[in-house]
Amino acid sequence: MNVAVRSQATAKQASEHFDVLIVGAGISGIGSAYHVTKQLPGTSYVILETQATFGGTWSTHRYPGIRSDSDLHTFGYSFKPWVGPPIATADEILAYMNEVIDDNDIARHIRYKHKINSASWSSERNLWTIEAVVTDTGEPKIFTANFLWMCQGYYRHSEGYTPEWRGTDRFKGRIVHPQTWPDDIDLKGKKVVVIGSGATAATLVPNIADTCAHVTMLQRSPTYFRLGRNAIEIAEELRRLQIDEAWIHEIVRRKILFEQDAFTKLCLSKPEQVKKELIGQISAVLGADYDVETHFTPSYRPWRQRIAFVPDADLFKGIAGGKASVVTDEIECFVENGIQLKSGKLLEADVIVTATGFNLSALGDIAFEIDGKPLAFGDTVTYRGMMFTGVPNMVWVFGYFRASWTLRVDLVADFVCRLLGHMKAKGSKKVEVSLRAEDHNMPILPWIDPENFNPGYIMRDMNLLPKRGDKPEWQHSQDYWTEKDEIPKTDLDDKAFVYG
């Protein structure tokens, strides 16, 4: 028996089996584990997490001031009241998640530092085989599972997206990406340029403005922001009345969701009115003399890209106070002491921060096979953004763009638990989705309509994502207010579900 065969046999002997394998211990994975524990008692499950701790985004991102850009009353779980300010820091979110883990005995199910390399489905065995490696020792691990629950998010944690610019090798200062923020960087007294205008830049700029000599947000084009207090008046009032926190959580969630629905509909029906209101908030802080037309008036209608909430207007107060500034221009090239802009202006810098987004990672950079054939994820058609044609016993959690990500974690978890219970009642070992006879002439379209929503990370790698149809069940609608009613009513005996 040669060494390769022996080691493979040893690995097989050491494999562990679970009813459900959850990929990722971030906000989605921990929430999903809770629902398995409560709704399917007696179900064996394991969570495999690449990082050394839980939290996903909230543990891997360490740039100054990192915070949510969704309110925690809806970004938090439905089952766990949020008692802090609506916009929360990473540390506050991690503390909240830690309570969920402790209160529900989830920790013993998590395997940290387990990087998954491959996942293979066998129709003969009705089983997933997951090959992983322990990151600090290199030890191979093999797991088998009846059902695979993908909660790994949608971007690559190891590196962010940075465009290619000419002359970066000439720059004598330091270039950093927020996603891999270095522990040893010192911004005191430095001239800093933050490239980007999204939520990360809007968070980073006010949080380093007091430390730097000056910080400049360099953007190619403006984006939309919403301003407001980092507090919710009805929550404050109910606490003064000593109402139970669980009641407050539910009341505030409902209020926020009602208002978000109204705002989203208004963006579609009266975009110019919304645009005027959003920009008017900024003008009120920056003053009549500030060139809001150039720097904060986007060319697209509201909600074609995510709108970041700026708590207490901290970004704009920093600009108004002179500690920060905004330049709207394009990069010609990097030079020794900064960035040469296409307008001819030189933007001096000691440190350049590339807050330019992230790289899409549709299935966690895992090599998938179905019965020995590599899975081409982009060739599948999605069922409500959760399941995919030709991929058995797997569900993927992909949250909302226009509402909090976690709202969909709860919805999908309820669906999965109901599906697993239905399979057990039917005596089925396998389920997959398939286009029905009435679907075969259905137009097959890209994952999302660019006219509806078109962030750069989706547009850059749309080919990696599954296709959608033009029927509600064959697309990820991004409409929580519709899905919250439709998904729970899903007929699990519809012909779209094929059991075996």
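**View 1. Strands 14, 15 and 16 build an open sheet**. In this predicted model, the three strands are ordered 14-15-16 and pair antiparallel; strands here are DSSP runs of E with at least two residues, numbered from the N terminus, and two of them pair if DSSP finds at least two bridges between them. Strand 14 (331-335) and strand 16 are the edges, each pairing on one side only. From one strand to the next, the twist averages 25°, with axes taken as lines fitted to C-alpha atoms and angles running from 0 to 180 degrees between N-to-C directions.

**View 2. A look at how strand 14 meets strand 15**. Strand 15 covers residues 338-341 and runs antiparallel to strand 14, with four bridges joining the two. For a landmark, find C333: its bridge partner in strand 15 is Q340.

**View 3. E348 and K191 meet in a salt bridge**. A salt bridge is counted when a side-chain nitrogen of Lys or Arg lies within 4 Å of a carboxyl oxygen of Asp or Glu, and for E348 and K191 the N to O distance is 2.7 Å. E348 belongs to strand 16 (residues 346-348) and K191 to strand 9, so the pair ties together parts that are 157 residues apart in sequence. E348 is partly exposed, with a relative accessible area of 42%, and K191 is partly exposed too, at 33% (buried is under 20%, exposed over 50%, partly exposed in between, using a 1.4 Å probe and protein chains only).

**View 4. R174 reaches D184 through a salt bridge**. Their closest N and O atoms are 2.8 Å apart. R174 sits in strand 8 (residues 174-176), while D184 sits in the loop between strand 8 and strand 9 (191-195), 10 residues apart. R174 counts as partly exposed because its relative accessibility is 33%, whereas D184 counts as exposed at 57%.

**View 5. Salt bridges at D485 and in a six-residue network**. D485 pairs with K484, the closest N and O atoms being 3.4 Å apart. D485 is partly exposed at 38% relative accessible area, as is K484 at 33%. A network of salt bridges links R436, E438, D439, K471, E473 and D494. The structure as a whole holds 31 salt bridges.

**Notes for all views.** Residues are numbered from 1 along each chain as its sequence is written, and side-chain values use heavy atoms, leaving out hydrogens and water. Local features need pLDDT of at least 70 and side-chain atom pairs count only at pLDDT 80 or more, while totals for chains, interfaces and linings use all residues.
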